[in-house]
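Colleague: I am new to this structure and should be grateful for a close look at a single part. Could you begin with where the two chains meet, and then follow the account inward?

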Number of protein chains: 2
Amino acid sequence: MNLPTTQRRFVLARRPEGVPVEADFRMETVALAPPGPGEVTVRTVHLSLDPYVRGTLTGRDLGHPPVHPGELIPGRSVGQVAGTGEWVVTETGWQEYATVPAASVRPVAVPPGVPRTARLGVLGTPGLTAYACVSRLLCPGVGDTVVVSSATGAVGGAAGQLARLAGARTVAIVGGPEKCEIAVEHFGYTAAVDRHDPGWADALAAACPDGVDGYLHMAGGTVLEGVLNRLTVGGRVVLAGLPEHANEVGQTVLPAGALMRTRAVVHGFVVYDHEDLRPRFDRRVGGLVADGRLRLLEEVHEGLESAPGAFVRLMGGHNVGKSIVRVAPEAAP
Amino acid sequence: MNLPTTQRRFVLARRPEGVPVEADFRMETVALAPPGPGEVTVRTVHLSLDPYVRGTLTGRDLGHPPVHPGELIPGRSVGQVAGTGEWVVTETGWQEYATVPAASVRPVAVPPGVPRTARLGVLGTPGLTAYACVSRLLCPGVGDTVVVSSATGAVGGAAGQLARLAGARTVAIVGGPEKCEIAVEHFGYTAAVDRHDPGWADALAAACPDGVDGYLHMAGGTVLEGVLNRLTVGGRVVLAGLPEHANEVGQTVLPAGALMRTRAVVHGFVVYDHEDLRPRFDRRVGGLVADGRLRLLEEVHEGLESAPGAFVRLMGGHNVGKSIVRVAPEAAP
């Protein structure tokens, strides 16, 4: 593989206001320098799009440095090391090639039959998020009812399946009838509720006749309030995603009275606190994916130029499954 | 002790709106029937006033039946069994004598030198509330900063001392300079903040230079929001009292964003869930009170007729220490 002398990348054109639009991003062609000592150049093949990136664009993300106008948009990728063709996972950003410290890349190990892109979703940080939320904080007991919002997304799809495999009834909250069908048919939720339906709260009540024992929240405040109204005594709530953290719209609040009435436990969740679980997660979820008991779902966008539109779609909550950009085809070394 | 043929009691005159007023209660003189088989008559000596009673007046309490207009106001007392003079704790209500099942009274056991009224406060349900909140949910580590609101009340006074004895720096939030002094001088808080002071949030920040690691909330929403703004990563919050649960005013909410930012854990707390702790509480806190390491503070009102005014004072947050009505002097059997 010969390296070109220039490459394309996306930088921040301006700080987004609310849900991002494509004009917030700008494609540039820049010189590609050869790697220096201790560096490798990675050819981006599969670029992961993740909600945390929205936070970096206004400097509000909890684990990543802020991105200023003119700077590269961050992103993790599965790619190939120039020269060897070795498959690795690394931080590339939204660009065709990334020159990074050799020590910062990790080989892509996936079980037989599992696509390498799983390391960006169900076997990556979104999957770890789901695993930590379910196994450490929601702790569903057999027969418990667990509700998941954004239930067909990268985190939600895995979380719903993990809760079901732990013996829970699982109820999806999603946007639109298409996602309801995917929730039940693909991810095996017991029931699904369309939050765009004006009668969604009644539908949730019908889907949870014994109330809600655990709730994984990654949606808006209306959904949160509706689910808290159905929480059982001793219920557990994990706040793993908020629209205002991502898009800086509105502010989600929890009614303290409902928490006292139900003696609920509410956890604010950030995945970086749960890195200790990663080895166990790799074994457990790796095994479940390998033997087909845990399914993944990806939405693949073709070409680096599709990244802004795909990201806008993700941040608007319109994606179905893990959002990935196929920046380039696989190459021989 | 000869029983009279009539007695005085307080019934609900009308359902309170917001903070109760004295006109919500009505004194009656009623016939006093002698006890039947399996019953005893208890002469009320020390009547406990507690915030949960406010909830029963509108049927919103979580552990007690609702009180309707014309019915006796509930309340627990330390009193003497007619005929034997034995000291017992039992549910008497706001009346001079209570005829109750003999099996429902418990002997008053207090350590030497400790007043019997401690069984209504620091060695009773308020003390158990403080013990469960601190030892089970706030779990202060040595050097942690624990903030307590309503910090000189029956629950708060005990909670602040228990947190201090567990090695924490403790900061009181109270209403007024008099309570600030009591908090520091009597209960041993490291610092106290007057929530009536317009600059109280800055005073809280100054009193908590390393942030707030644990917070026991029994105040209004403004206080809650102010403390959450100072919460450290991994902070713990216990909701043990809300004005709207007591007085049906406003609605307290928690900003979900602050909980995610700090990865906080929030517990809705009702003491009835923690009865399993009572034997350990009796040993631990009984020992601390007996050897003078945990201090109590009571505000005693003389005569049954003072009960409505004292209760109005309690529900307005004006009490200092455990609120008790001395209904009658001690009697010989």
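**The contact between the chains and what lies behind it**

Modeller: In this predicted model, 23 residues of chain A are in contact with 23 residues of chain B. On the side of chain A that touches chain B, at least two residues each are supplied by α7 (243-247), β13 (253-255), α8 (256-262) and β14 (265-268). The largest share, five residues, comes from α8(A). By character, the residues on this side of chain A divide into 13 nonpolar, seven polar and three charged.

Strand pairing also takes place across this boundary. β13(A) is joined by three bridges to strand β13 (residues 253-255) of chain B, and the two strands run antiparallel. Within this pairing, Pro255(A) stands opposite Val253(B) in β13(B).

Chain A itself may be considered next. The chain is divided into domain 1 (6-121 + 296-326) and domain 2 (125-290). The centres of these two domains of chain A, taken over C-alpha atoms, are separated by 27 Å. Domain 1 of chain A gives 22 residues to the contact between them, and domain 2 of chain A gives 21 residues. The side of domain 1 that touches domain 2 in chain A is made up of eleven nonpolar, eight polar and three charged residues.

Helix α9 (residues 278-290) of chain A merits attention of its own. This helix has 13 residues and reaches 17 Å from its first C-alpha to its last, close to the 18 Å expected at 1.5 Å a residue. Its buried residues are Phe281(A), Val285(A), Leu288(A) and Val289(A). Seen down the axis of α9(A), these buried residues fall within an arc of 95 degrees, so they line one face of the helix. What covers them includes α2 (125-138) of chain A. Turned away from the buried side is a face of α9(A) that carries the exposed residues Pro279(A), Arg280(A), Arg283(A) and Gly287(A). After α9(A) comes Gly292(A), whose phi is positive, near 85 degrees.

The account now turns to the strands of chain B. Val148(B) lies in strand β8 (residues 145-149) of chain B. Val148(B) counts as buried because it has 37 C-beta neighbours inside 10 Å, where 20 or more are required. Leaving aside neighbours within four places in sequence, Val148(B) is in contact with Gly156(B), Ala159(B), Gly160(B), Thr170(B), Ala172(B), Ile173(B) and Leu216(B). Val289(B), by comparison, is 141 residues from Val148(B) in sequence and 20 Å from it in space, C-alpha to C-alpha.

One of those contacts, Leu216(B), leads to strand β11 (residues 212-217) of chain B. Six of the six residues of β11(B) are buried, so this strand is largely enclosed by the rest of the structure. β8(B) and β11(B) run parallel and are joined by three bridges; Val146(B) has Gly214(B) in β11(B) as its bridge partner. β11(B) also pairs in the parallel sense with strand β12 (residues 231-239) of chain B, over five bridges. In that pairing, His217(B) stands opposite Leu239(B) in β12(B).

Conventions. Residues numbered from 1 in each chain as written. Chains lettered and ligands numbered in written order. Predicted model: local features only at pLDDT ≥ 70, side-chain atom pairs only at ≥ 80, totals over all residues. Contact = placed C-beta atoms within 7 Å. Helix = DSSP H or I, 4+ residues; strand = E, 2+ residues; numbered from the N terminus. Nonpolar A, V, L, I, M, F, W, Y, C, P; charged D, E, K, R; others polar. Pairing = 2+ DSSP bridges. Domains from an automatic or database assignment. Expected span 1.5 Å × (residues − 1). Buried ≥ 20, exposed ≤ 12 C-beta atoms within 10 Å, placed from the backbone. Arc of directions from axis to C-beta.
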